[in-house]
Amino acid sequence: MAQWTPPGFCDALWHFSKVQWYFFVTYFFGNWWTNVKPSTKFYHKVLVIGDSVAAGFGDYVTCLAPYGITRHLAVMVSKEHTVRQAWGFVNAGVCGSTSDDWHPGCKSSYSTVRSNGMLLGFLDSLLFRRRPLWRETLDNPRYKDAEIVIVCVGLEDSRHGAEPKKPVRTRDNVRAICTALRSRGKEVILCTIPLRWRLQDEKKNNVFAKDKERNELLAGVVASAGDPQLTLGCDLGSPEFCRQGLYTADAIHFCSEGYRKFAGAFKETLVPAMVRVEAKTWKQLI
């Protein structure tokens, strides 16, 4: 595989500035002020939940436009002739969150320092009392009527998870998340996590190996379920994503080009799910 070069000083400085801008924009111009329309017979929603990858960390971010995979999917799906009805894409990913944070049975709130940066996160913890992520998102009237839910979580488990060295913990959490979503009648599309390719040749660092095991276990969640409405979107740990140009300077999170490739691969699974949802509407009208 290609050799990954470490970032220089200018690259690191540029990355730091982008991170601070991301935290600023997502905190002050996030979903809380956006008008999220309710689902109707001819208007449907795709909800994205999960960690930094789901949240679009590393993508090009502006105050008035979506970011991350939702931005790219909205453009690509609008060109699909098989999708006949209107669709909205909602990004509810939380930067720095783990699969433990998203577990339906989680009783504690998530870390606002990881999700908003040290300064904004500390201020947020003083001003607001956050609920567990599942309740804050899936019980929210603006989000809970989404027919399709994309689950992309697990990347942060190796650093901030309750049991970072046990990939089985990630699998069990994600299985619980998917089971709870299916019990609500959602179409669920699961993603594996990007691998830290820069660490693949470091013998003393087993993070790469543990994350690779996580991906195998996550793919097994879908295979063992045998549910046509629980599908695997795309494997973000596959060699086709092993290209430095797809990542930011931290070599962990996607840049805009990476999210574009992510969305392009993911679309092949998403569009059939959207068609299935639309088919239910047509049947109700007949």
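## Close-up views of a predicted model

**View 1. Asp59 and Arg71 form a salt bridge.** D59 is buried, since its relative accessibility of 4% falls under the 20% limit. This and the following views show a predicted model. The D59 side chain meets that of R71 in a salt bridge, with N and O 2.9 Å apart. D59 belongs to the loop between α2 (52-55) and α3 (69-77), whereas R71 is part of helix α3, so the salt bridge ties together parts that are twelve residues apart in sequence. R71 is partly exposed, its relative accessible area being 22%.

**View 2. Strand β1 is largely enclosed by the rest of the structure.** The strand spans residues 43-50, and eight of its eight residues are buried. Cover is found on both faces: Y43, K45, L47 and I49 are buried on one side, and H44, V46, V48 and G50 are buried on the other. Strand β2 (residues 86-91) runs parallel to β1 and is joined to it by six bridges. Strand β3 (residues 148-152) also runs parallel to β1, with five bridges between the two. V48 illustrates both pairings: its bridge partner in β2 is N91, and in β3 it stands opposite I150.

**View 3. A salt bridge links K45 of strand β1 to D145.** The closest N and O atoms of the two residues are 2.6 Å apart. D145 is located in the loop between α7 (133-138) and β3, and 100 residues separate it from K45, so numbered positions that are distant along the chain are linked here. K45 counts as buried, with 2% relative accessibility. D145, by contrast, is partly exposed at a relative accessible area of 25%.

**View 4. The largest nonpolar core comprises 68 residues.** I49, F262, F266 and L270 have the most contacts inside this core. Helix α11 (residues 256-285) gives the most to the core, contributing nine residues. Leaving aside residues up to four places away in sequence, F262 touches V53, I69, C191, C234, L236, F241 and F254. A second core, separate from this one, has eleven residues, including V25, A55, C95 and L120.

**View 5. T112 of helix α5 is buried among several contacts.** Helix α5 covers residues 112-116. The relative accessible area of T112 is 8%. Apart from residues up to four places away in sequence, T112 touches G117, G121, D124, S125 and R130. Two of these contacts, D124 and R130, join their own side chains in a salt bridge with an N to O distance of 2.6 Å. D124 is buried at 0% relative accessible area, while R130 is partly exposed at 29% relative accessibility.

**View 6. A nonpolar patch lies on the surface.** The patch is formed by L119, F122, L123, L126, L127 and F128, which together have about 670 Å² of accessible area. F122 is placed in helix α6 (residues 118-127). With 49% relative accessibility, F122 counts as partly exposed.

**View 7. Salt bridges join four residues into one network.** The residues are D100, E163, K166 and R169, connected through salt bridges that share partners. The model has 17 salt bridges by the rule applied.

Terms used:
Residues are numbered from 1 along each chain as its sequence is written. This is a predicted model: local features need pLDDT of at least 70, side-chain atom pairs count only at pLDDT 80 or more; totals for chains, interfaces and linings use all residues. Side-chain values use heavy atoms; hydrogens and water are left out. Buried means under 20% relative accessible area, exposed over 50%, partly exposed in between (1.4 Å probe, protein chains only). Helices (H or I, at least four residues) and strands (E, at least two) are DSSP runs, numbered from the N terminus. Two strands pair if DSSP finds at least two bridges between them. A nonpolar core is a set of buried Ala, Val, Leu, Ile, Met, Phe, Trp, Tyr and Cys residues joined through side-chain atoms within 4.5 Å. Contact means heavy atoms within 4.5 Å. Patches are made of residues with over 30% relative accessible area and no salt bridge: like charges are joined within 9 Å, nonpolar side chains (Val, Leu, Ile, Met, Phe, Trp, Tyr) within 5 Å. Accessible areas come from the Shrake-Rupley method with a 1.4 Å probe; for residues, only the protein chains shown count as cover.
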